[in-house]
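Open the model in your viewer and keep the selection tool at hand. Each stop gives you something to select and tells you what is there.

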Amino acid sequence: MSHSHIRGLPFSERVYRLLFLFFPAEFRRAHATDAQELFRDRYREEFRRRRSVGIAVLWLRTLRDLLQHGFLERLDALLSRIRRTPVGGGDPPDVPVQKATIGDFMESIASDIRYALRTIRRSPGVVLIAVISLGIGIGANAAIFSAVDVFMFRPLPYPDAEQLVDVHVRNDERGWTQVSQSIPDFLDIRADSKTLEAAGSYGSSFNLATRDRPERVRGERVSWNLFQVLRTQPALGRSFTPEEEQDGNHRVAIVSDGLWNRHFGHSPDVLGETLFLDGEAYTLVGVMPPKFWLGQNARIDVWVPFGLTGEEQRGSHFISVTSRIRPEYTIEEVRAELGQIASRLQTTYPESNANNYFGLVTLHEEIFNTEFRMGSAIASVAVAFVLLIACANVANLMLTRAAGREREIALRGALGAGRIRIVRQLLTESMLIALLGGALGVGVAVLGIKGLVSVMPAAFPRVSEIALDGRVLMYTAFVSLFTGVLFGIAPALQSSRPNLTSSLKEGGRSGPGAKGVRLRKALVVAEVSLALVLLVSSTLLVKGFVGLRGGDFGFNTANVLTMHIDLPTSAYPDDDAERRLYDDLRFRISALPGVEAAAGTNILPLDGGSSTSYLIPGEEDPGEGRRPTVQARIVFPGYFDVMDIDVTRGRAFDETDRPDSRRVAVINEAMAERHWPSDDPIGKQIEIWDETRTIVGVVEGTRNFATWDGGSQPIRPMVFFPNAHESRQFMSLTIKAGGDPTTIANAVRSEVARIDPNLPVFEVRTMQEVVDINTQGATVMAKIMAVLAGAALILAIVGVYGVMAYSVSQRTQEMGIRMALGAGRRTVMGMVVRQGMTLALLGVAVGVAVALAVTRSLSVFLYGVNPFDPVTFAGVSVVLLLAGVTATYLPARRATKVDPLEALRSE
Amino acid sequence: MPHPARHDNAVKNLLPLKPADYLILFVLLEGERHGYRMVKEIEQRTNGLVKLEAGNLYRSIRRLIKHRVLEESDKRPAPESDDERRRYYRITDFGRNVVAAEAARMKELVAAAESRKLISDPEAPA
């Protein structure tokens with residue numbers, strides 16, 4: 001029986017196996033398999049009955065069960081080893097003795113807890129600070145885990161999702177690492193592969209005609225078998241048939257649950273209805289289940305078959321190939337086979353396929369790409385730092401408390417409590433505090449998750465699944481227990497080793513030995529250094545983010561409005577018709593009040609790419625498949641003006657570029673640098689898209705990619721063509737407004753409607769919004785890291801303050817003597833502040849060293865900000881030192897208020 | 001065959017049984033069971049009051065095996081009827097004596113409670 005349908009079961013089983021290590025090896029050998037089996041049965045049962053609530057309860061029970069019985073079992077094993085007697089071995093052995101011991105043990109645990117509760121009640125202030133620190137640390141961890149879990153750990157929502165891979169094209173000669181497939185290559189892979197079931201798809205938006213007005217919907221054209229490969233069938237109706245993939249039979253559609261609801265109110269009788277997509281009639285044959293999605297964009301509404309004509313080009317790479325590895329093959333066998341197919345295609349179609357290889361990544365990696373993975377890793381590490389800082393704080397508080405109780409502990413030791421017994425007592429206290437912190441952490445996590453979801457763009461896949469569920473609760477419980485041990489163990493070991501005689505001696509100075517002080521100071525140094533690493537990292541990220549917002553892209557983001565238009569072929573059958581409409585739009589929109597200029601481009605900056613191979617006449621042709629590539633764009637005259645891109649040589653496009661005029665091109669400086677570093681490119685020629693074009697102008701460089709791999713790279717070479725020479729059905733208008741670009745949106749929309757009422761305008765955005773959408777990964781990271789760094793700073797200040805305050809209170813006597821001997825307030829204050837500063841300085845020094853080692857890993861989110869930016873490092877160091885001084889100031893002032901007589905009398 | 005006197009002594013040494021141990025043995029009186037089934041039957045028998053988790057259950061089983069009141073069954077049900085991997089357990093004759101002794105002990109307690117009118121004796125006239 002497969003259990004992959006039960007959410008979280010494989011993960012939970014892994015965790016269970018891990019936690020079973022609480023039991024001794026002997027016990028595990030005998031019962032681990034059975035216990036796991038039982039856990040699985042219980043998991044299924046709880047999942048069926050109460051879903052996440054059941055799972056949460058089960059995990060709480062299981063955790064208690066494993067902790068308690070694992071511990072007891074280990075204890076039993078230990079006791080029986082100690083007590084092993086060579087004689088006898090009577091019928092049921094050891095029974096009365098053992099029962100008594102366990103009973104005692106349980107009783108003593110209960111008394112530990114009672115005792116811990118009593119001592120906690122005695123110093124509620126310290127405990128409150130500890131619980132709040134931990135609550136922040138644990139809650140932040142739970143919140144980040146909730147997102148990381150959804151993005152990184154949960155299998156994709158398809159049956160046997162681990163078998164799904166993305167097959168892409170790799171070409172080292174052209175620098176392609178992960179490029180889309182062409183339809184003919186895909187068809188060959190699908191037909192020839194024995195190891196894969198391959199399906200293809202590409203995004204394609206449609207004008208969906210409803211009763212009175214057109215709606216723009218996101219759709220995908222797919223191979224007939226896509227849903228089979230995903231093992232996900234329509235909830236209503238059927239999926240596509242092989243015949244429907246061919247042109248002529250392809251007018252059938254499957255819609256999303258959302259569209260079914262919006263247009264048909266979930267009516268069950270929709271099958272067979274007619275949908276008009278781009279003016280063509282499609283028959284509705286299926287409706288997908290509510291949460292179905294594929295790929296990075298979570299909002300696809302319509303799926304239709306490819307409609308293959310046989311004319312598809314092997315050189316046009318635009319489809320994604322999603323494949324399922326057949327269960328009988330390994331991934332190595334798949335790679336080997338794809339290698340054979342690729343080399344056959346290279347030989348058969350050298351002009352398009354030279355040096356093309358096929359690469360594989362899991363579908364999960366394809367959807368949750370490097371940006372998600374890096375983001376998850378960075379956030380996880382950062383949030384772990386916050387928790388460590390909180391732990392260091394609490395450990396310090398515990399040391400303080402334990403120090404105050406040194407005499408009591410020594411007394412307990414003298415009365416016969418073994419060291420283990422005392423350590424256990426102290427650990428019980430820290431566990432209780434950790435659990436209280438965990439409870440508060442759940443509350444913090446609820447808020448944290450809300451905040452986290454609100455900063456994430458809705459288009460991020462699976463964002464709607466981020467929630468406080470059983471797994472997050474389980475994680476929180478685990479982190480709390482782990483934390484309890486982490487901050488409890490050092491103080492417990494430390495203070496269970498007091499010098500009996502000196503502590504009990506009348507007038508023995510209460511306070512830890514030199515070792516306790518060292519531990520305490522080490523904790524503060526660690527805390528400050530962790531905080532520095534976090535602050536530096538988040539400052540760099542915020543800087544990168546501000547740099548993005550500030551718009552150092554080389555184009556105008558301030559007052560440009562953009563909108564997509566897509567001309568239906570039925571109304572605009574040829575290039576001439578298209579051009580007439582574009583000219584109309586351009587002139588009439590420019591004439592509107594509030595509009596300074598109107599132009600357009602086929603791809604907005606940051607919104608995508610179109611890598612095209614070209615040739616410079618006179619340079620040696622490396623042969624098809626090896627030619628260099630450049631980013632090509634088609635623009636309306638006036639585009640450079642609207643975008644504030646300076647023309648540095650020659651001219652921009654204008655009305656003299658007509659369909660019948662000489663073919664011309666404008667290049668950017670990066671392209672000029674590539675071919676004519678010391679020459680004037682004006683008048684030079686370039687062979688691209690089957691035409692030889694003359695370069696008439698050079699423009700300054702612009703950033704065109706905001707994604708993780710592009711932002712920090714130098715500006716890429718580009719070439720522009722006027723729309724008079726290359727026409728496209730799909731264009732983005734770019735309109736420069738006199739002021740706020742949103743104010744002209746309605747006027748532009750109605751002007752477009754006056755020109756052609758059936759022309760849908762969609763994705764109306766300001767250029768700033770385009771930038772925002774394409775830099776959202778960095779934005780999310782900057783916001784998360786800023787919050788975490790803020791928490792780290794506050795916790796670190798509390799930590800420094802706590803230690804300094806304690807240190808001053810311990811030295812009351814010494815201060816009193818000093819002042820009695822004539823030391824001034826300033827001297828005493830200076831002494832305390834210097835001590836605090838020393839710790840802060842050490843912490844900063846260690847932190848800078850660590851930060852230098854880790855900030856490089858942030859570079860994918862930094863967009864050109866230097867990961868070793870000296871200003872950031874210096875600034876953050878100063879901030880932390882100032883924070884250290886502030887945290888020391890109050891205790892220092894208290895030190896100067898010491899009344900020498902009082903201080904001396906306290907002895 | 002153990003010596004009867006020593007056997008008696010062995011039974012007494014195990015009393016009183018922990019509630020969970022008693023329930024496990026009691027369920028096994030009806031036949032061989034694997035872990036999950038024991039857990040389910042105990043849950044039903046106690047109206048959901050007692051729900052054993054794996055660690056607890058297998059520690060009890062281990063202890064009971066050590067005391068020879070139950071043992072692992074070597075025969076498995078037909079493969080098609082159940083998962084072959086699961087281990088089955090059955091109660092030993094000694095175990096039956098232990099359950100009986102525990103039941104008798106509890107009966108005395110119940111009788112004492114009845115005689116003090118804490119609970120009513122179902123067989124006594126109303």
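How much area do chain A and chain B bury between them? About 2,900 Å², with 46% of it on carbon and sulfur atoms. Keep in mind that this is a predicted model.

**Stop 1: the interface.** Show chain A and chain B together. You should find 33 residues of chain A in contact with 30 residues of chain B. Eight salt bridges cross this interface. For one of them, select E26(A) and R62(B): their side chains meet at 2.2 Å, N to O. Polar contacts link 14 residue pairs between the two chains, counting pairs with both residues at pLDDT 80 or more.

**Stop 2: the chain A side.** Now select α2 (25-83) and α3 (95-122) of chain A. Each supplies at least two residues of the side that touches chain B. The largest share, 23 residues, comes from α2(A). Colour this side of chain A by class: 16 residues are charged, 12 nonpolar and five polar.

**Stop 3: the largest nonpolar core.** Select F151(A), L156(A), Y158(A), F240(A), W303(A) and M456(A). These have the most contacts inside the largest nonpolar core, a set of 92 residues. Next, pick helix α22 (residues 776-810) of chain A, which gives the most to this core, with 14 residues.

Zoom in on Y158(A). Leaving out residues up to four places away in sequence, Y158(A) touches L164(A), L230(A), T232(A), F292(A), W293(A), L294(A) and L363(A).

**Stop 4: a second core.** Finish with L9(A), L66(A), L70(B) and I91(B). They are included in a second, separate core of 55 residues.

Conventions: Residues numbered from 1 in each chain as written. Chains lettered and ligands numbered in written order. Predicted model: local features only at pLDDT ≥ 70, side-chain atom pairs only at ≥ 80, totals over all residues. Heavy atoms only, no water. Core = buried A, V, L, I, M, F, W, Y, C linked by side-chain atoms within 4.5 Å. Buried < 20%, exposed > 50% of the residue type's maximum accessible area, 1.4 Å probe, protein only. Helix = DSSP H or I, 4+ residues; strand = E, 2+ residues; numbered from the N terminus. Contact = heavy atoms within 4.5 Å. Buried area = accessible area lost by both parts, 1.4 Å probe. Salt bridge = Lys/Arg side-chain N within 4 Å of Asp/Glu carboxyl O. Polar contact = N/O pair within 3.5 Å; in protein donor to acceptor, adjacent residues only side chain to side chain. Nonpolar A, V, L, I, M, F, W, Y, C, P; charged D, E, K, R; others polar.
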